[in-house]
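Biologist: Before I rely on any description of this fold, I would like to go through the terms one by one and hear what stands behind each of them.

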Amino acid sequence: MNIDNITVDKNTKDHVVYQRTLKSAISCDGVGLHSGESVRLSLKPALPGAGIIFKRTDVNEEQSIIPARWDCVVDTRMCTVIANEHGVRVGTVEHLMAALAGCGLDNVVVEVSGPEVPVMDGSSGPFVFLIECAGVVDQDQPRRVIRVLKTILVEEGGAQASLSPDHGFSLDVQVHFEGTAVSQQALHVGMKNGSFCKELARARTFGFLNEVEALQAAGLGKGGSLDNAIIVDGLEIINKDGLRFDDEFVRHKMLDAVGDLFLAGGAIMGKFSGKRSGHALNNALLHALFADDNAWCYDELRGDAVNVAIDGGIFAESMDAVSAA
Ligand SMILES: [Zn+2]
């Protein structure tokens, strides 16, 4: 699949970005980062307007649905955890949510056979690959985006996260872990024309050796290994193959933000800035945004706006082509 192609037609003034779902269902198996248990993940097509919906296949059908929404987030300490009113939870949703956002999907049912999305290789790359294998289709309704109308800023300690008005979705992220191999890294990425797949999707999660040891002593991180995380020990990187990007750490923080912000319930049209930010601040930012009716509005992408639509670079087939097949 060629991810360098641009899927929007710049010559069509009244072109509309349509909602997208998967062309077919697809599954994979993996382990939960914290539980260490094996999990089956299935991604299935969903109707226009459905959004991203998680479904636990190991609990009662009536209690199994968890909408992927900012106001369902119940824990952000190690990863982003969502839950429904019955207390049924799914953890580590952010890397999958990032892949769904980065591939421009609007409507997907995510079935999980346990309390955690499998960690795979610690990045969004394997999920992007699954989506590419399943294919994507345009649906017959315009995509509804969330347009940021004024700057919203949240801060805690020395950390900051903000959203400001912008034509498309872009991110400006800084990480600071002085005295370690991570050190200081900063990056700006505009989410268009396949940039998520090219620039961010393969960046892995990371942890510090002393923290990993403490986590495992506390019975967490049981599925964690050098196969699904970069482990930093002071100025050293333990993984023998090193890094996938020189600045893989800031790219992963950006990937996390893409996933966490997709819990807004749609693609955000605005600029995200994060300084030492993480899952908790990303979620606090969405709470602050939606608490202010003057800070955002729903919108559709037409005309020139189409050129800055989030796009994973995966060509969507029209529904006509699918029904004819
Ligand atoms: Zn992450």
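Modeller: Keep in mind that this is a predicted model. A good place to begin is helix H1 (residues 94-102) and helix H5 (residues 248-261), which pack with their axes 7 Å apart and at an angle of about 80°.

Biologist: Why are H1 and H5 called roughly perpendicular to each other?

Modeller: Angles from 65 to 115 degrees count as roughly perpendicular, and the angle between H1 and H5 is about 80°, so the two helices are described as roughly perpendicular to each other. On the H1 side the contact is made by Glu94, His95, Met97, Ala98, Ala101 and Gly102, and on the H5 side by Leu255, Asp256, Val258, Gly259 and Asp260. Sorted by class, this contact of H1 with H5 has five nonpolar, three polar and three charged residues.

Biologist: What makes H1 largely enclosed by the rest of the structure?

Modeller: A residue counts as buried if 20 or more other C-beta atoms lie within 10 Å of its own, and nine of the nine residues of H1 are buried, so the helix is largely enclosed by the rest of the structure. Among them are Glu94 and His95 as well as Leu96, Met97 and Leu100. The elements that these buried residues pack against are strand E4 (52-56), E9, H2, helix H3 (195-200), H5 and helix H6 (279-291). Just after H1, Gly104 takes a positive phi of about 70°.

Biologist: Which residues have the most contacts inside the largest nonpolar core?

Modeller: They are Met97, Leu100, Ile131 and Val258, in a core of 85 residues. H5 gives the most to this core, with seven residues. In soluble globular proteins, nonpolar side chains tend to be buried together.

Biologist: How do you know which strands are the edge strands of the open sheet E2-E3-E9-E4-E5?

Modeller: The sheet has five strands in that order, with mixed pairing, and strand E2 (26-31) and strand E5 (65-67) are its edge strands, since each pairs on one side only. Direction ignored, neighbouring strands of this sheet are turned by 25° against each other on average. Inside it, strand E3 (residues 38-45) and strand E9 (residues 108-112) pair in the antiparallel sense over five bridges, and Leu41 has Val112 in E9 as its bridge partner. Helix H2 (residues 125-134) lies across E2 and E3 and runs at about 160° to E2.

Biologist: What leaves one side of E16 and of E18 without a neighbour in the sheet?

Modeller: The order of this open, mixed sheet is E16-E17-E18. Strand E16 (206-208) and strand E18 (236-237) stand at its edges and each has a single partner strand, so one side of each is left without a neighbour in the sheet. Strand E17 (residues 230-233) pairs with E18 in the antiparallel sense over two bridges, one feature being that Asp233 has Glu236 as its bridge partner in E18. Helix H4 (residues 209-217) packs on the sheet, where it touches E16 and E17, and its direction makes about 90° with that of E16.

Biologist: Why are Ser183 and Arg276 called partly exposed?

Modeller: Partly exposed lies between the limit for exposed, 12 or fewer other C-beta atoms within 10 Å, and that for buried, 20 or more. Ser183 has 13 such atoms and is therefore partly exposed, and Arg276, with 17, is partly exposed as well. Ser183, in strand E15 (residues 183-190), has a positive phi of about 55° although it is not a glycine. Arg276 lies in the loop between strand E19 (268-275) and H6, and its phi is positive at about 55° although it is not a glycine.

Conventions: Residues are numbered from 1 along each chain as its sequence is written. Axes are lines fitted to C-alpha atoms, for helices over the stretch in contact, and angles run from 0 to 180 degrees between N-to-C directions. Helices (H or I, at least four residues) and strands (E, at least two) are DSSP runs, numbered from the N terminus. Angles under 35 degrees count as roughly parallel, over 145 as roughly antiparallel, 65 to 115 as roughly perpendicular and the rest as oblique. Two residues are in contact if their C-beta atoms, placed from the backbone, lie within 7 Å. Ala, Val, Leu, Ile, Met, Phe, Trp, Tyr, Cys and Pro count as nonpolar, Asp, Glu, Lys and Arg as charged, and the others, Gly among them, as polar. Two strands pair if DSSP finds at least two bridges between them. A nonpolar core is a set of buried Ala, Val, Leu, Ile, Met, Phe, Trp, Tyr and Cys residues joined through C-beta atoms within 7 Å.
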